[in-house]
Amino acid sequence: MASPAPKSPEQSDKSKKYDRQLRLWGDHGQADLETAHICLINATALGTEILKSLVLPGIGAFTIVDEKRVSEEDIGANFFLDADNIGKSRARVATQLLLELNPDVKGDFVDESPKQILETNPDFFIGHTLVIATAISERVLVPLSTRLWDAGIPLIVARSYGFIGSIRIQVEEHTVVESHPDDQHPDLRLDAPFPALKQFADSFDMSQLELKDHARIPYVVPLYQALQAWMQQHDGAFPKSSKDKNELRDLIKKGNKNPDSEEQNFTEAIRAVNFAVRKTVVPTDVQDILNDNKCINLTSKDLRSIKL
């Protein structure tokens, strides 16, 4: 009787609940989300929709600042509200309904205008991770944005007009790394191959392989071996010019046991000469980051934000 297959480790209830998003941004991203305290100014249809999209994945807490009462106009635009809510505090109703979406999230509300809060308690907004403002006038937005900028707290200002919308983001710095560039090529570092690659490529004697096995070898092997042969012919120099690379392509073609049929691995090796046969250098986009003033002159605040 065959022994039973080992059971996979049990997931916690939280891991099951947030499984798909954990796959997207990992434990660190989820931890940042769960410790965030978001402040929403004005529980409009747009504002509650934005906050809904943060409550569902599990932000730590939110606070709604809104002095208005639910009107018939709100009922027509905001699916969170219904006719029974007319005349009630819009902040209170929106908070109660949003909290029903995710019991892991804490929520609170303030029945005051942001203008009044800025005048009576200007430090109120400083305790938040992010402030989101909708339907806010420039007269209130300017002092609010100045206060948040000085405190280093990001501000998002969103507006919608039917099917047209706009978003303004105020943040000191936001670095974006493109994880799926359109022109990504593997960095083989053939000018200084790492030991495992060198050992792997040297383990094949292409001249002794049968024809059926010859076509199954990864393209990096004929590319590497042809490059080593070319360098031996040129006193260890590395191909630089177009003439050098054309000679290297000819060596790759000569290594093909079946020249009458274009083997895919040899075709790939010839194509790879364009991007893989080059000196290894730090990419310019990485160099720009390393040379950035914020990277060179780190402050105590920067060091505290670095997660090991």
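**Cysteines.** I looked up C295 first. C295 counts as partly exposed, at 34% relative accessibility. I kept in mind that the model is predicted. Next I checked C39. C39 is buried, with a relative accessible area of 0%. I then ran the disulfide search over the whole structure, and 0 turned up. The bond in question would be covalent, between the sulfur atoms of two cysteines.

**Salt bridges, overall.** How many salt bridges are there? I get a count of 10. I went through several of them by helix.

**Helix α3.** This helix covers residues 45–55. I found K52 and E49 joined by a salt bridge through their side chains, at 2.9 Å from N to O. Both residues sit in α3, 3 residues apart, or about one turn of the helix. Is K52 buried or exposed? K52 is buried, because its relative accessible area of 19% falls under the 20% cut-off. E49 is partly exposed, at 28% relative accessibility. I noted the pair as a buried lysine with a partly exposed glutamate.

**Helix α6.** I moved on to residues 114–120, which make up α6. Here K115 forms a salt bridge with E119. The closest N and O atoms are 3.0 Å apart. K115 and E119 are 4 residues apart within α6, again about one turn of the helix. I looked up accessibility for each partner. K115 is partly exposed at 42%. E119 is exposed, because its 56% is over the 50% cut-off.

**Helix α11.** Residues 242–254 form α11. I picked out K243 and E247 in this helix. Their side chains meet in a salt bridge of 2.7 Å, N to O. Why are K243 and E247 separated by about one helical turn? They are 4 residues apart in α11, so the separation comes to about one helical turn. K243 is exposed, with 56% relative accessibility. E247 is partly exposed, with 25%. I also looked for salt bridges with shared partners, and these join D66, D74 and R90 into one network.

**Aromatic pairs.** I count 3 aromatic pairs in the structure. One of them is F200 with F204. To describe such a pair I need the distance of the centres and the angle of the planes. For F200 and F204 the centres are 5.1 Å apart. The planes make an angle of 80°. The pair is edge-to-face, because 80° is over the 60-degree cut-off. Are these rings buried or exposed? Neither word fits: F200 is partly exposed, with a relative accessible area of 36%. F204 is also partly exposed, at 23% relative accessibility.

**Helix packing.** I came back to α11 for its contact with α10, the helix of residues 220–233. Their axes are 9 Å apart. At what angle do α10 and α11 pack? The angle is about 125°. That makes α10 oblique to α11. I checked the cut-offs: roughly perpendicular ends at 115 degrees and roughly antiparallel starts over 145, so the pair falls under oblique. Last I looked up the handedness of the crossing. The crossing of α10 and α11 is right-handed.

How values were computed:
Residues numbered from 1 in each chain as written. Predicted model: local features only at pLDDT ≥ 70, side-chain atom pairs only at ≥ 80, totals over all residues. Heavy atoms only, no water. Disulfide = S-S within 2.5 Å. Buried < 20%, exposed > 50% of the residue type's maximum accessible area, 1.4 Å probe, protein only. Salt bridge = Lys/Arg side-chain N within 4 Å of Asp/Glu carboxyl O. Helix = DSSP H or I, 4+ residues; strand = E, 2+ residues; numbered from the N terminus. Phe/Tyr/Trp six-rings, centres within 6.5 Å; stacked < 30°, edge-to-face > 60°. Axes fitted to C-alpha atoms, helices over the stretch in contact; angles between N-to-C directions. Parallel < 35°, antiparallel > 145°, perpendicular 65-115°, else oblique. Left-handed = near helix turned anticlockwise from the far one by under 90°.
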